[in-house]
Amino acid sequence: MAYKMLVDIDRCVGCWTCAMGCKVGNHLDDDVYRVEVETHGSGQGIDRPAGVYPDLHMWWQPVYLPSCTFCAPRVAEGLPPFCVMDCPTQALAFGDEADEQSAYAQARARVEARGARVWALDSAGAETRASVEYATAR
């Protein structure tokens, strides 16, 4: 099985629930994260949009760090990773890419059907977790 995570950027609202679900569910120390959420906007601080009103632009991107295990013990029990389970907007989908019935495969088909671009970070496998893909129609 080849597990993958799909992050639908168009659904992410930057709430950090994925990071907090991971932290609490895996009993991580206060200063340890396996998922961090980057804000893309003006670059002048967190959650500051780019543009001028009423044409403001901002989006968020959960970034999985190499320490992310995709909650392997939970997945072995047939449960989703904490981040997927806790995401309030269903922006995250996880599963076996070869299984057409997996949440990952179904989400990938949905984003492709709406014309979204799917990509992986250039740093995947080095500075960030491999097997994570991002999708957006923007």
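Let me begin with the largest pocket: the residues that line it divide into 8 nonpolar, 2 polar and 4 charged. I should say at once that the model before you is a predicted one.

The volume of this pocket is about 210 Å³. Its lining comprises 14 residues, and those nearest the centre are Q90, L92, A93, A107 and R110. Which elements each supply at least two residues of that lining? They are β1, β6 and α4, the last of these spanning residues 103-113. Among the contributors, α4 gives the most, with 5 residues.

Let me turn from the open space to the enclosed space. Rolling a probe the size of a water molecule over the atoms shows where empty space is left. How many cavities of 30 Å³ or more does the structure hold? The count is 2.

The largest cavity contains about 90 Å³ of space. Around it stand 14 lining residues, with C12, C15, C18, C87 and T89 nearest the centre. By class, this lining is made up of 10 nonpolar residues, 3 polar and 1 charged.

The second largest cavity has a volume of about 60 Å³. It is lined by 13 residues, and here C22, C68, F70, C71 and C83 lie nearest the centre. Its lining divides into 10 nonpolar, 2 polar and 1 charged residues.

I now return to β1, which we met as a contributor to the pocket lining. This strand covers residues 3-8 and is mostly covered, in that 5 of its 6 residues are buried. With which strands does β1 pair, and in what sense? With β6, residues 92-96, the pairing is antiparallel and runs over 5 bridges. Within that pairing, K4 stands opposite G95 of β6. With β8, residues 132-136, the pairing is parallel and runs over 4 bridges. There, D8 has A135 as its bridge partner in β8.

Next, a single residue in another strand. Q61 belongs to β5, which spans residues 59-64. Is Q61 buried or exposed? Q61 has a relative accessible area of 5%, and because buried means under 20%, Q61 counts as buried. The side chain of Q61 is joined to that of H40 by a polar contact of 2.9 Å. Setting aside neighbours within four places in sequence, the residues in contact with Q61 are I9, E36, V37, E38, H40, W119, L121 and Y134. H40 therefore appears both in the polar contact and in this list of contacts, while Q61 itself is buried.

By way of contrast, consider a loop residue. L79 is found between α2, residues 72-76, and α3, residues 82-86. Why does L79 count as partly exposed? Its relative accessibility is 36%, and partly exposed covers the range between the 20% limit for buried and the 50% limit for exposed, so L79 falls into that class. As for its position relative to V35, the two residues are 44 apart in sequence, and their C-alpha atoms are 18 Å apart in space.

To close, I would draw attention again to two points. The lining of the largest pocket receives 5 residues from α4, and at least two from each of β1 and β6. Those two strands also pair with each other in the antiparallel sense.

How values were computed:
Residues are numbered from 1 along each chain as its sequence is written. This is a predicted model: local features need pLDDT of at least 70, side-chain atom pairs count only at pLDDT 80 or more; totals for chains, interfaces and linings use all residues. Side-chain values use heavy atoms; hydrogens and water are left out. Buried means under 20% relative accessible area, exposed over 50%, partly exposed in between (1.4 Å probe, protein chains only). Two strands pair if DSSP finds at least two bridges between them. A polar contact is a pair of N or O atoms within 3.5 Å; within protein, one must be able to donate a hydrogen and the other to accept it, and residues adjacent in sequence count only if both atoms are side-chain atoms. Contact means heavy atoms within 4.5 Å. On a 1 Å grid over the protein atoms alone, a cavity is a set of points where a 1.4 Å probe fits but cannot get out, and a pocket is an open set with protein on both sides within 12 Å along at least five of seven lines; lining residues have an atom within 4 Å of a point. Grid points are joined across faces, edges and corners, and a volume is the space filled by probe spheres set on the points. Ala, Val, Leu, Ile, Met, Phe, Trp, Tyr, Cys and Pro count as nonpolar, Asp, Glu, Lys and Arg as charged, and the others, Gly among them, as polar.
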